[in-house]
Structures are given as structure tokens and as C-alpha cells.
Amino acid sequence: MPITTYLCGNDGSVTLPAGGEGMQIRTFAATLSRVESEVTGCSDTGRRRRLGMLDLTGALTGVPGIGSATTSAATQCIFLQTSTAALTLNLSDGSGTSDAKISANCIFNGFAFNVDKTGDNTITCNFSNGDGTAPVVTWLV
């Protein structure tokens, strides 16, 4: 079946882990990669390579948020996560459905805060696959 619809537009979304409400995501960048290992043996006449487990790394950028006076700040901030947590990145063609998604248990690190005089406040953090399981990639083709 030929591809007739392309994922263009700004309808993607991010599902953060529980307790990750500390930022409203505006953009994300994700890289899926595999480690390549050379497994050439002594009797091989050419090079043999094998691919390892699928890995996920990337960055999220958004607007920081704070909880109400009756809510513990520790449960509202993604940058206080100390263990792996579920992250889902959704891509869409604008039809209102998630046509592609990448899900993984990730660790979040490398937080950067930015404030400028025009009133823009942003937060950026890095994420990486955090357990021994490959990310799940669901792609509608």
C-alpha cells in the first residue's frame, strides 16, 4: 500500500510520567539508535556486524509550572524524578488520532531553565531509555 499521508503539522503530543506535570511541553526531539558491534570471527573473510537493542535519547522543551499551595511541589516537578518513568511521544497527521508513537521507560536529566526580559520562561530536559527494555515504536503505515 502506498504512503499517501505524511505527518506534517503541530499536532504531536507528549504523555509525561505520573508526577511529571511540572512542565507543559512545546517541543521534543527524539533519536532512535542501535549500537553496532563487529562480530567477525577468525575464519571470516569479510566483516560481520550485528545490531544491538533499540535505544532512545532526546530532549523536551516547555514552559515550567508550579502546583497550588495545597499540593506538594515534589509531586509536580518532572525534574525530581529519581527512577525510570513512562514517557510516550505521539506524532499525528492532524486528523486527531495518534498515528505514530514511541513509548519507553526513561530517566530525565540535564535540566536547563531560561528566563528572558520579554516574559518567556522555558525549561529543557534530556531523556534516555532507562531500563533493559527497548522502546516500543508503533507506526501506522
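The exercises below work through the fold, the core, one strand, the salt bridges and the surface of a predicted protein model.

Residues are numbered from 1 along each chain as its sequence is written. Because the model is predicted, local features need pLDDT of at least 70 and side-chain atom pairs count only at pLDDT 80 or more, while totals for chains, interfaces and linings use all residues, and side-chain values use heavy atoms, with hydrogens and water left out.

**Exercise 1. Determine which secondary structure elements the protein has, and how its contacts are spread along the sequence.**

Solution. Begin with the elements, where helices (H or I, at least four residues) and strands (E, at least two) are DSSP runs numbered from the N terminus. The protein has zero helices and seven strands, and its pattern along the sequence is β-β-β-β-β-β-β. Next take the contacts, meaning heavy atoms within 4.5 Å. Of the contacts in the protein with a separation of 6 or more, 64% are between residues 24 or more positions apart.

**Exercise 2. Describe the largest nonpolar core and state which elements build it.**

Solution. A nonpolar core is a set of buried Ala, Val, Leu, Ile, Met, Phe, Trp, Tyr and Cys residues joined through side-chain atoms within 4.5 Å. Buried means under 20% relative accessible area, exposed over 50%, and partly exposed in between, with a 1.4 Å probe and protein chains only. By that cut-off, 23% of the 141 residues count as buried. The largest core holds 15 residues, and L60, L87, L89, C106, F108 and F127 have the most contacts inside it. Two or more core residues come from each of β3 (49–64), β4 (85–91), β5 (100–115) and β6 (121–129), with β5 giving the largest share, four residues.

**Exercise 3. Explain why β4 is largely enclosed, and identify its strand partners.**

Solution. Five of the seven residues of β4 are buried, so this strand is largely enclosed by the rest of the structure. For the partners, two strands pair if DSSP finds at least two bridges between them. Strand β1 (residues 13–15) is joined to β4 by three bridges in an antiparallel arrangement, and T15 has T88 as its bridge partner in β4. Seven bridges join β4 to β5, again antiparallel, with A104 in β5 as the partner of L87. Finally, leaving aside residues up to four places away in sequence, L89 touches several residues, including V14, F28, L60, I102 and F127.

**Exercise 4. Locate the salt bridges and classify the exposure of R49, R47 and E38.**

Solution. A salt bridge is a side-chain nitrogen of Lys or Arg within 4 Å of a carboxyl oxygen of Asp or Glu, and the structure holds two of them. In one, the side chains of E36 and R49 meet at 2.7 Å, N to O. This pair links distant parts of the chain, with E36 in strand β2 and R49 in strand β3, 13 residues apart. R49 is partly exposed, because its relative accessibility is 41%. R47 also forms a salt bridge, with E38, the closest N and O atoms being 3.4 Å apart. R47 is exposed at 60% relative accessible area, whereas E38, at 45%, is partly exposed.

**Exercise 5. Find where G65 lies and which residue, distant in sequence, is 5.2 Å from it.**

Solution. G65 lies in the loop between β3 and β4, and its relative accessibility of 33% makes it partly exposed. The residue sought is M23, which is 42 residues from G65 in sequence but 5.2 Å away in space, C-alpha to C-alpha.
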